[in-house]
Every structure is written in structure tokens, then in C-alpha cells.
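User: Please take a close look at the largest pocket of this model. What lines the pocket, and what occupies its space?

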Amino acid sequence: MAGIFRKVYDWLLRTFWATELDVTMLGLQNAGKTSLLRVLSGGEFTVDTIPTVGFNMKRVQRGHVTLKCWDLGGQPRFRPMWERYARGVDAIVFVVDIADIDLLATARDELHSLMERQSLEGIPLLVLGNKSDLPNKVTMDELIDAMDLKNIGHREVCCYGISAKEETNLEAVIQWLMKWAHNK
Ligand SMILES: Nc1nc2c(ncn2[C@@H]2O[C@H](COP(=O)(O)OP(=O)(O)OP(=O)(O)O)[C@@H](O)[C@H]2O)c(=O)[nH]1
Ligand SMILES: [Mg+2]
């Protein structure tokens with residue numbers, strides 16, 4: 001019986017109180033953006049992924065909230081278009097491969113040059129240290145330092161360690177994104 005009420009309640013919420021949030025997922029090539037989005041939207045994790053050419057969009061539904069997620073290619077040739085896809089969104093998710101220590105400085109520089117853009121001022125930022133399942137990774141404190149997150153201003157900044165592969169901490173990601181629905 002309770003199940004029926006829950007279904008009716010969810011249907012009413014979806015129908016009369018539907019909220020859509022625009023989320024842009026950025027980060028260097030191979031960070032795991034497409035893998036993360038696939039898992040968040042109920043798909044299976046796969047090892048053999050194809051690098052994203054341009055962008056890809058998927059919706060993630062939670063109750064009355066739909067997260068409309070733009071997943072952009074991370075290769076250098078696609079980075080100039082990041083700002084255009086991040087303008088006006090409700091949240092930016094920046095994914096970092098925490099087991100690829102050599103690329104951390106590049107990730108930091110790309111993130112900071114983006115965050116300096118006036119068009120993106122105030123947009124909440126979630127930095128995700130992905131691939132926590134791998135050995136030889138940096139800790140979250142080391143990631144915060146390496147990415148110089150304390151020097152990113154004019155917005156709320158949050159950082160979590162996750163694994164798209166093992167689906168670790170993904171609920172925290174959804175909950176953080178969902179909280180921006182209250183502003184709508
Ligand atoms: N071990 C491990 N591997 C992961 C994880 N997430 C992604 N990968 C792997 O990392 C590789 C790159 O993943 P993608 O999701 O294609 O990376 P991307 O950020 O979308 O890359 P671009 O589209 O080129 O920007 C793939 O081989 C994935 O299987 C993870 O949490 N753990
Ligand atoms: Mg991709």
C-alpha cells in the first residue's frame with residue numbers, strides 16, 4: 001500500500017513540480033567523465049570507452065528533478081568550447097583522474113583559467129577525484145592542494161573522491177547536485 005502512495009506522490013511531484021538542472025561535466029581526456037555519466041544514468045561501467053568527440057548529453061532523473069548533464073570532450077582540441085557549454089549552467093563538475101599524477105598540473109591550469117572567466121562567475125563547482133579504486137593515487141587533501149582549490153573564489157566549491165568503476169560515493173555527487181534544485 002505504502003508503495004502505491006509513494007508512486008502517486010512521485011508522479012505528482014514529477015508532473016507539477018518538475019525541475020531541470022543543467023550540469024556541465026569537464027576535465028582532461030581519460031578522467032572518466034563519460035564513464036561517470038553512464039553509471040549515474042543507470043548504465044554499466046566499461047573499460048573500453050571511446051574518447052568523446054565534441055560532447056554528449058544524458059539526463060539523470062531523481063524524483064521530480066532531472067539533471068541534464070553535458071559531458072564534454074577533454075582532449076586539448078575540445079577545451080576551447082568548455083566555457084561556452086558551462087555558461088549559465090546550475091553547476092560545473094570537473095573530473096580529475098587521481099591516479100594520473102603527471103596530469104594534475106595541467107588539470108589545475110585548465111580549471112583555473114576557466115574559473116577566471118567572468119561569464120562563469122558564481123556557478124557552483126564540484127571537483128571529483130575519480131578512480132579511487134586504483135593504487136598510487138593522491139589523497140583528497142593532496143588533490144585539493146594540487147588543484148589549488150582554496151584559491152578558487154566567487155562560488156561554492158566542493159571536492160569528493162569517487163570511483164565510477166566501483167560506484168563509490170556517487171550518491172554524494174547526486175545529493176550535492178540536487179541541492180541546487182532548491183534555488184529554482
Ligand atoms: N579504474 C578506473 N577506471 C576508470 C574509472 N572511470 C573511468 N575509467 C576508465 O578511464 C578511461 C577513460 O574513461 P572515459 O569515461 O572515456 O573518460 P573521459 O573523461 O570521458 O575522456 P574524454 O571523453 O576523452 O574526455 C576508460 O578506460 C574508463 O574505463 C574509474 O573509476 N576507475
Ligand atoms: Mg568522454
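Analyst: Sorted by class, the residues that line the largest pocket of this predicted model comprise 13 polar, 8 nonpolar and 5 charged residues. The lining has 26 residues in total, and those nearest the centre of the pocket are N30, G32, S35, T49 and K131. Two elements, α2 (33-40) and β3 (65-72), each supply two or more residues to this lining. Of the elements, α2 gives the most, with 3 residues. The space within the largest pocket amounts to about 480 Å³.

This space is taken by ligand 1. The shell around ligand 1 consists of 23 residues, and K33, S35, V47, T49 and G74 are the closest of them. S35 and T49 therefore appear in two lists: they are among the residues nearest the centre of the pocket, and they are among the residues closest to ligand 1. By class, the shell around ligand 1 has 12 polar, 7 nonpolar and 4 charged residues. The helix α2 again makes the largest contribution, as 3 residues of the shell come from α2.

Individual contacts to oxygen atoms of ligand 1 can now be added to this picture. The side chain of K33, one of the closest residues, places an N or O atom 2.7 Å from an oxygen atom of ligand 1. K131, one of the residues nearest the centre of the pocket, has a polar side-chain atom 3.0 Å from an oxygen atom of ligand 1. In A164, the contact is made by the backbone: an N or O atom there lies 2.9 Å from an oxygen atom of ligand 1. On its own, ligand 1 has 660 Å² of accessible area, and the protein covers 92% of that area.

Conventions
Residues numbered from 1 in each chain as written. Chains lettered and ligands numbered in written order. Predicted model: local features only at pLDDT ≥ 70, side-chain atom pairs only at ≥ 80, totals over all residues. Heavy atoms only, no water. 1 Å grid on protein atoms, 1.4 Å probe; cavity = no way out; pocket = protein on both sides within 12 Å on 5 of 7 lines; lining within 4 Å. Points joined across faces, edges and corners; volume = space filled by probe spheres on them. Helix = DSSP H or I, 4+ residues; strand = E, 2+ residues; numbered from the N terminus. Nonpolar A, V, L, I, M, F, W, Y, C, P; charged D, E, K, R; others polar. Near = heavy atom within 4 Å. Polar contact = N/O pair within 3.5 Å; in protein donor to acceptor, adjacent residues only side chain to side chain. Areas by Shrake-Rupley, 256 points an atom, 1.4 Å probe, with all protein chains shown as cover. Sits in = over half its atoms within 2 Å of the grid points.
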